[in-house]
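Biologist: I'd like a close look at one part of this protein and whatever sits around it. Could you walk me through it slowly, as you would for someone new to structures?

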Amino acid sequence: MVKKFDDVRMKKVAVLGATGTIGSFSLDVLKRMKEFKVVGVSAHKNLKKILDVKKRFPSVKTALTGFKNDDVNFSGENAIKELLESIKPDYVIVGVSGFSGLKHALTACKYSKRLCLANKECVVAGGTFFFSEVKKRSCEVIPVDSEHNGLFQLLEHVKKEDVKSVTLTASGGALKQVPIDEFPNVTPKMVLNHPVWRMGNRITVDSSTMFNKGLEVMEASFLFDFNEEKIDVLVHPQGKVHAMITLKDGTSMLHFSESDMRIPIAYALNYPRRVGLFNELIPNEKLEFHKPDFRRYPALKLAYQVLKAGDGYRVVYNAADEVAVQAFLNGRLKFTQIYETVYKVLQKNWPKKLNSYDEIEAVDIKARRITKEMIS
Ligand code: NDP
Ligand code: MG
């Protein structure tokens with residue numbers, strides 16, 4: 001975790017993945033604060049939506065990574081690099097989805113002073129390599145993922161050696177009331193109906209399998225430098241406590257706020273200041289916590305084994321899941337086959353140490369190819 005204090009001058013901000021859920025929340029937050037100016041936005045394929053963003057923020061430069069197009073300022077594979085080179089933002093919100101986040105976050109840390117990092121795949125796949133690159137550039141990383149944002153805030157107040165364990169909470173996803181033996185028959189429509197959060201499709205499916213929480217355990221390990229034994233998960237259906245830390249003197253500290261991604265986004269932009277954009281949450285409901293059932297969420301148990309297994313296995317856990325989730329959404333895999341497929345791909349031999357972007361990308365590509373072959 002790299003962080004340092006900053007001054008309070010007007011900041012130029014780029015939003016990568018501006019057409020997605022995190023991107024839209026980010027633009028909403030930025031629109032409310034005059035201390036920030038949105039100077040650049042990117043999308044992958046949604047040309048119409050990025051042009052709509054341009055209408056709301058007329059001075060922004062636009063980038064489209066998915067194909068070439070003359071209606072945006074930069075387009076094609078290198079569009080984000082060209083955008084950031086041109087606008088030189090102070091801060092970049094990394095709200096792109098999937099493995100692409102690693103490449104874009106690495107580019108963003110070359111051209112900016114702070115990454116407000118929502119994309120978790122880049123931490124999971126990039127691991128130590130990603131953080132050594134970020135450190136080289138003296139770029140701050142402030143996590144936006146709600147649980148990690150909560151941990152970041154809690155850990156600021158304690159000495160690391162006093163921390164016995166950290167806990168991420170999980171809502172349990174859309175299927176938490178569905179009996180396990182009905183899992184093979186659940187449809188994408190049932191899974192996409194998340195009880196607490198409004199999110200992109202992949203992360204919503206990943207919430208029901210808890211692949212998302214598995215990725216987050218790995219994310220926490222690299223962001224805060226804790227090994228797997230110190231990271232716990234508790235199911236908390238109300239989704240109001242996002243993280244906890246347990247200290248060696250028997251004290252626990254909880255991070256409690258509304259389930260609204262705009263709160264961690266605003267925190268990451270304003271850190272170390274706090275701004276009064278949102279209302280506090282009044283504790284007026286019962287808060288429940290229970291241990292996750294690994295029979296219901298085998299992907300979570302698998303994540304702990306993967307974290308121990310080494311660099312290549314984390315890349316595979318992410319890549320194979322992304323492909324399997326897509327196949328589930330397209331009706332080519334049953335819900336339970338998402339886990340089974342990822343598990344099988346992980347049984348192959350994968351490198352324990354990855355030292356460069358090219359090495360990480362090669363494993364990602366191979367894992368996707370093997371997963372697709374397995375599904376077809
Ligand atoms: P969405 O699917 O809603 O949005 C993804 C965004 O990334 C879109 O702007 C999309 O562009 C762009 N994008 C997709 N593929 C690429 C690519 N290959 N290269 C460049 N840009 C790309 O995702 P979310 O907003 O839900 O999630 C974004 C990230 O934040 C994920 O890593 C997720 O895990 C993380 N996150 C999300 C949370 C949430 O509440 N949604 C909470 C915590 C973390 P286009 O629209 O043109 O396809
Ligand atoms: Mg999260």
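**A close look at helix 6**

Modeller: Sure, let's start with burial: in helix 6, 10 of the 10 residues are buried, so this helix is largely enclosed by the rest of the structure. Keep in mind that we are looking at a predicted model. "Buried" here is a matter of numbers, because a residue gets that word when its relative accessible area is under 20%. Going along helix 6, you'll find Ser 146, Glu 147, His 148, Asn 149 and Gly 150 buried, and then Leu 151, Phe 152, Gln 153, Leu 154 and Leu 155 as well.

So what do the buried residues of helix 6 pack against? Their partners among the strands are strand 7, strand 8 (163–170), strand 10 (241–247) and strand 11 (252–256). Helix 9 and helix 10 (262–270) are partners too.

Now for the metal. The magnesium ion (ligand 2) has three protein donors, namely Asp 145 (OD), Glu 147 (OE) and Glu 216 (OE), at 2.1 to 2.2 Å from the ion. Along the chain, these donors are spaced as D-x1-E-x68-E. Asp 145 sits in the loop between strand 7 (140–143) and helix 6 (146–155), while Glu 216 belongs to helix 9 (residues 211–224), so this pair ties together parts that are 71 residues apart in sequence. Asp 145 and Glu 216 are both buried, and Glu 147, from helix 6 itself, is buried too.

Step back to strand 7 and you'll meet Glu 140. Glu 140 is buried, with a relative accessible area of 1%. Its side chain has a polar contact, at 2.9 Å, with the side chain of Arg 114.

There's also a bit of empty space to look at. Searching the whole structure turns up one cavity of 30 Å³ or more, and the largest cavity has a volume of about 30 Å³. Ser 146 and Asn 149 help line this cavity, and the rest of the lining is Trp 197, His 242, His 255, Ser 257, Glu 258, Asp 260 and Pro 264. By type, the lining has two nonpolar, five polar and two charged residues.

One of those cavity-lining residues, Ser 257, turns up again in the second largest pocket, where Ser 257, Ile 263, Arg 274, Val 275 and Phe 278 lie nearest the centre. That pocket holds about 300 Å³ of space and is lined by 17 residues. Strand 11 and helix 10 each supply at least two of them, and helix 10 gives the most, with four. The lining splits into eight nonpolar, five polar and four charged residues.

Definitions and conventions:
Residues are numbered from 1 along each chain as its sequence is written. Chains are lettered from A and ligands numbered from 1 in the order in which they are written. This is a predicted model: local features need pLDDT of at least 70, side-chain atom pairs count only at pLDDT 80 or more; totals for chains, interfaces and linings use all residues. Side-chain values use heavy atoms; hydrogens and water are left out. Donors are N, O and S atoms within 2.8 Å of the metal (3.2 Å for Na, K and Ca); water is not among the atoms, so sites may look incomplete. Helices (H or I, at least four residues) and strands (E, at least two) are DSSP runs, numbered from the N terminus. Buried means under 20% relative accessible area, exposed over 50%, partly exposed in between (1.4 Å probe, protein chains only). Contact means heavy atoms within 4.5 Å. On a 1 Å grid over the protein atoms alone, a cavity is a set of points where a 1.4 Å probe fits but cannot get out, and a pocket is an open set with protein on both sides within 12 Å along at least five of seven lines; lining residues have an atom within 4 Å of a point. Grid points are joined across faces, edges and corners, and a volume is the space filled by probe spheres set on the points. Ala, Val, Leu, Ile, Met, Phe, Trp, Tyr, Cys and Pro count as nonpolar, Asp, Glu, Lys and Arg as charged, and the others, Gly among them, as polar. A polar contact is a pair of N or O atoms within 3.5 Å; within protein, one must be able to donate a hydrogen and the other to accept it, and residues adjacent in sequence count only if both atoms are side-chain atoms.
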